[in-house]
Amino acid sequence: MTLPNPEKLLPEMAAALDSHLAAHGISDPCFIGIRTGGVWVAQALLKARDQNEALGILDVSFYRDDFTQNGLHPQVRPSQLPFEVEGQHLVLIDDVLMSGRTVRAALNELFDYGRPASVTLVCLLDLNARELPIRPDVVGATLSLPPEQRVKLLGPEPLGLEYQTLAPAAN
Amino acid sequence: MTLTDAKRPLQLNDIGQLRHFLSLDGLSRELLTELLDTADSFLEVGARAVKKVPLLRGMTVCNVFFENSTRTRTTFELAAKRLSADVITLNVSTSSTSKGETLTDTLRNLEAMAADMFVVRHADSGAAHFIAEYVCPGVAVINGGDGRHAHPTQGMLDMLTIRRHKGDFQKLSVAIVGDILHSRVARSNMLALKTLGCPDIRVIGPKTLLPVGLEQYGVSVYHDMNEGLRDVDVVIMLRLQRERMQGGLLPSEGEFYRLYGLTTQRMALAKPDAIVMHPGPINRGVEIESAVADGPQSVILNQVTYGIAVRMAVLAMTMSGQTAQRQLESEHAAKEQN
């Protein structure tokens, strides 16, 4: 199966986001990308909406639920939120939604900055493999993959997608 | 035979990650840089409304202090709390050792209480090493200062201070001034600066307060403070450790201040944008003039703030390394069985 071209999905996502925000009476939300792929998608989405306002960046390494299995990510960098979260409408953006655990970690981290008015979730791809009750409000495309297959986002410009096959478990 | 820690990477796991933090000796530039980068991220956490992350939730950190400490003990406690760990702080001078319990027994008891990490300060050099090697290999052991040997978290918080205020280590001249002989901070700083590529490390002090064999650290030695301070970017002052001095190492404190005290006039010899550091507690009028300690070039209080972030990074990374090691060992055991 051929993977979709993210550059082609973005205009549709921008339009879908506009109607979602309008339907919920949200104006002037702040945008936040989850490092690294989510930041690239967020930048492209802001560009597609002709916006050049400051983008928030979240690094969820300190909030992951797999620390006791996988330890700390070796390249953790500071999160940067150049706006107040308290009372703010937020648009949270990630590249690939799989189990939903990254989004869970991101939500926990966001609430440590304050109590947002709302959070809208935007994902480029939904892999239909959620393990938590988390659904995107806006999604570029939905795919179902065999268990050993993953998708990786290439970027930041131009954005592209490629398949990755997991190595069989060692033993 | 006892090997030095450079030859025996006791503090690393099988894939080269930190699992104890005992000394900066033998740690690579990449590892020290990773530690500083992680600390930078924790510094951002300290600026939030909620200054806490859930990383070490459910884990227990024991601060075991066999020697007095205010800053190190409280910042380690705060660091562990900000990582959501449970913290016990034990001042051993007021506990069972005064009833005759040995170091080993005290620690084994704490281990039996399911402690995951020990932060140890001890007056004997090598105490933390001993604990990591013989007493509690499965617990992450962090050296909070051992005798004259090492104070690696202080060393790294000094490096974070320098990196944040002065940038690239490879372009800097750094002077370490005062009582080098009794200073574990000086040893850790010299090792870290050398590993991080600082080309000009100067050590300034009277002959009686400089240890023999300083050359192995790749430093230049000055006995004249005015000469040593010329055009440096960073001045690290050390406390005169009177409690560790035996015999007549110094004529008087007044004489020491006259020759090695950091005054406004002397500070003018360094670069105009040079920073002044001190691990604390400072002795005003003994090694540093109040006008310098409280002046615009002083980053002494920033060091305390950075200390929390560095200690968070050390706790998180050593715990991560211990976890990875256990994972490796169980995978290895599973392979053996098959």
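**Exercise 1. Two helices of chain A**

In this predicted model, describe how helix 1 and helix 2 of chain A are placed relative to each other, and say what kinds of residue meet between them.

*Solution.* Begin with the two quantities that are needed: two packed helices are described by the angle between their axes and the distance between the axes. The axes of helix 1 (residues 6-23) of chain A and helix 2 (residues 37-48) of chain A come within 9 Å, and they cross at roughly 70°. Angles of 65 to 115 degrees count as roughly perpendicular, and therefore helix 1 of chain A is described as roughly perpendicular to helix 2 of chain A. As for the hand, helix 1 of chain A passes helix 2 of chain A in a right-handed crossing.

Next, look at the residues that meet. Helix 1 of chain A brings A:Leu10, A:Pro11, A:Met13 and A:Ala14 to the contact, while helix 2 of chain A brings A:Ala44, A:Leu45 and A:Ala48. Sorted by class, this contact has seven nonpolar residues, with no polar and no charged ones.

**Exercise 2. The sheet of chain A**

Work out which strands stand at the edges of the open five-stranded sheet in chain A, and which strands are touched by helix 1 and by helix 2 of chain A.

*Solution.* Start from the strand order, which is 2-1-3-4-5 in chain A, with parallel pairing. Strand 2 (56-58) and strand 5 (138-142) of chain A are at the edges, and because each has a single partner strand, one side of each is left without a neighbour in the sheet. From one strand to the next, the twist averages 25°.

For an example of pairing inside this sheet, take strand 1 (residues 30-34) and strand 3 (residues 89-97) of chain A, which pair in the parallel sense over four bridges. Within this pair, A:Cys30 has A:Leu90 in strand 3 of chain A as its bridge partner.

Now add the helices. Helix 1 of chain A packs on the sheet and touches strand 3, strand 4 (118-126) and strand 5 of chain A, its direction making about 145° with that of strand 5 of chain A. Helix 2 of chain A also packs on the sheet, where it touches strand 1, strand 2, strand 3 and strand 4 of chain A, and its direction makes about 120° with that of strand 3 of chain A.

**Exercise 3. The sheet of chain B**

Give the strand order of the open sheet in chain B, and show how helix 11 of chain B is placed against this sheet.

*Solution.* The order of the four strands in chain B is 2-1-3-4, and their pairing is parallel. Strand 2 (86-91) and strand 4 of chain B are the edge strands, each pairing on one side only. The twist here averages 15° from one strand to the next.

Strand 3 (residues 117-122) of chain B runs parallel to strand 4 of chain B and is joined to it by five bridges; B:Phe118 has B:Val141, in strand 4 of chain B, as its bridge partner. Helix 11 of chain B packs on the sheet and touches strand 1 (60-65), strand 3 and strand 4 of chain B, with its direction making about 145° with that of strand 4 of chain B.

**Exercise 4. Domains and chains**

Find which helix of chain B gives the largest share to the side of domain 1 that touches domain 2, and which gives the largest share to the side of chain B that touches chain A.

*Solution.* First set out the domains: the domain assignment of chain B gives domain 1 (29-150 + 305-337) and domain 2 (152-302). Their C-alpha centres lie 27 Å apart. The contact between them takes 20 residues from domain 1 of chain B and 18 residues from domain 2 of chain B. On the domain 1 side, helix 1, strand 4 (140-146) and helix 11 of chain B each give two or more residues, and the largest share, six residues, comes from helix 11 of chain B.

Then turn to the contact between the chains, which takes 22 residues from chain B and 16 residues from chain A. On the side of chain B, helix 1 (29-45) and helix 11 (300-337) are the elements that give two or more residues. Helix 11 of chain B gives the largest share of this side, with eight residues. By class, the side of chain B that touches chain A has 10 nonpolar, five polar and seven charged residues.

Note on methods. Residues are numbered from 1 along each chain as its sequence is written. Chains are lettered from A and ligands numbered from 1 in the order in which they are written. This is a predicted model: local features need pLDDT of at least 70, side-chain atom pairs count only at pLDDT 80 or more; totals for chains, interfaces and linings use all residues. Two residues are in contact if their C-beta atoms, placed from the backbone, lie within 7 Å. Ala, Val, Leu, Ile, Met, Phe, Trp, Tyr, Cys and Pro count as nonpolar, Asp, Glu, Lys and Arg as charged, and the others, Gly among them, as polar. Domain bounds come from an automatic or database domain assignment. Axes are lines fitted to C-alpha atoms, for helices over the stretch in contact, and angles run from 0 to 180 degrees between N-to-C directions. Angles under 35 degrees count as roughly parallel, over 145 as roughly antiparallel, 65 to 115 as roughly perpendicular and the rest as oblique. A crossing is left-handed if the near helix is turned anticlockwise from the far one by less than a right angle, and right-handed if clockwise. Two strands pair if DSSP finds at least two bridges between them.
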